[in-house]
Amino acid sequence: MSAKQSHTAKILTKLLNGETLISSDVFASNTNQYFGHIKDQGIELIEWNEPSEGRHLKRRLNYTAENIEKAKKYLARLAGKCTAKSSGNDK
């Protein structure tokens, strides 16, 4: 059985796997807050809107080497794999 992951960790894992996500892809209250937690860590998300598909922003990880490294480090922190200081936004 796998360990329980936070919504932020699940979203970040999907982004690292190349998925494009919108807030309604995650079944939790106020899903946009999780994207905010990720951006607060200095991780750049590319966001856009396709009016023909509704009003939700689509998001994907900006695949630069630095951004991917930041995303992996934050995911490791969320998983408790390192002792880096948290900003308090790891919910």
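# Notebook: helices around a three-stranded sheet

I began with H3, where Asn67, Ala71, Tyr74, Leu75 and Arg77 are buried (under 20% relative accessible area, with exposed meaning over 50% and partly exposed in between, for a 1.4 Å probe and protein chains only). These buried residues cover an arc of only 155 degrees around the axis, which puts them on the same side of H3. The arc is taken from the directions that lead from the helix axis to the C-beta atoms. On the other side of H3, I found Ala65, Glu66 and Lys73 exposed.

I noted the ground rules next. The model is predicted, so local features need pLDDT of at least 70 and side-chain atom pairs count only at pLDDT 80 or more, while totals for chains, interfaces and linings use all residues. Residues are numbered from 1 along each chain as its sequence is written, and side-chain values use heavy atoms, with hydrogens and water left out.

**Entry: H3, continued.** I looked up what covers the buried residues of H3, and the cover includes H1, H2 and E3. Contact here means heavy atoms within 4.5 Å. I then checked the length of H3. Helix H3 holds 14 residues, 65-78, and at 1.5 Å a residue these should span 20 Å; the end C-alpha atoms are 20 Å apart, which agrees. The expected span is 1.5 Å times one less than the number of residues. After H3 comes Gly80, with a positive phi near 75 degrees.

**Entry: the whole chain.** I counted elements. The protein has 3 helices and 3 strands. Both kinds are DSSP runs numbered from the N terminus, helices being H or I of at least four residues and strands E of at least two. Along the sequence the pattern reads α-β-α-β-β-α. Of the 91 residues in the protein, 29% are buried. I also checked contact range. Among contacts with a separation of 6 or more, 54% come from residues 24 or more positions apart.

**Entry: the sheet.** I traced an open sheet of 3 strands in the order E1-E3-E2, with antiparallel pairing. E1 and E2 stand at the edges with a single partner strand each, so one side of each has no neighbour in the sheet. Strands count as paired if DSSP finds at least two bridges between them. Strand E1 (residues 21-22) pairs with E3 (residues 58-61) over 2 bridges, in the antiparallel sense. Ile22 has Lys58 in E3 as its bridge partner. Strand E2 (residues 45-48) is joined to E3 by 4 bridges, and these two also run antiparallel. Leu45 is bridged to Leu61 in E3. Ile46 is bridged to Arg60 in E3.

Helices on the sheet came next. H1 (residues 7-16) packs on the sheet and touches E1, E2 and E3; the direction of H1 makes about 70 degrees with that of E3. H2 (residues 32-40) packs on the sheet too, touching E1, E2 and E3, and the direction of H2 makes about 140 degrees with that of E2. Axes are lines fitted to C-alpha atoms, for helices over the stretch in contact, and angles run from 0 to 180 degrees between N-to-C directions.

**Entry: Arg60.** I stopped at Arg60 in strand E3. Arg60 is partly exposed, at 33% relative accessible area. Leaving aside neighbours within four places in sequence, Arg60 is in contact with Leu15, Glu19, Thr20, Glu44, Leu45, Ile46 and Trp48. Leu21 lies 39 residues from Arg60 in sequence, yet their C-alpha atoms are 6.5 Å apart.

**Entry: H1 against H2.** I examined the crossing. The two axes come within 9 Å and cross at roughly 70 degrees. That makes H1 roughly perpendicular to H2, a label for angles of 65 to 115 degrees. His7, Thr8, Ile11, Leu12 and Leu15 of H1 meet Tyr34, Phe35, His37 and Ile38 of H2.

**Entry: buried faces of H1 and H2.** I listed the buried residues of H2 as Tyr34, Phe35, His37 and Ile38. Their arc around the axis is only 155 degrees, which puts them on the same side of H2. Their cover includes H1, E1, E2, E3 and H3. In H1, the buried residues are Thr8, Ala9, Ile11, Leu12, Leu15 and Leu16. Down the axis of H1 they fall within an arc of 165 degrees, so they line one face of the helix. The cover over the buried residues of H1 includes E1, H2, E2, E3 and H3.

**Entry: glycines after helices.** I found Gly18 just after H1, with a positive phi of about 85 degrees. Gly42 sits just after H2 and takes a positive phi of about 85 degrees.

Notes:
Parallel < 35°, antiparallel > 145°, perpendicular 65-115°, else oblique.
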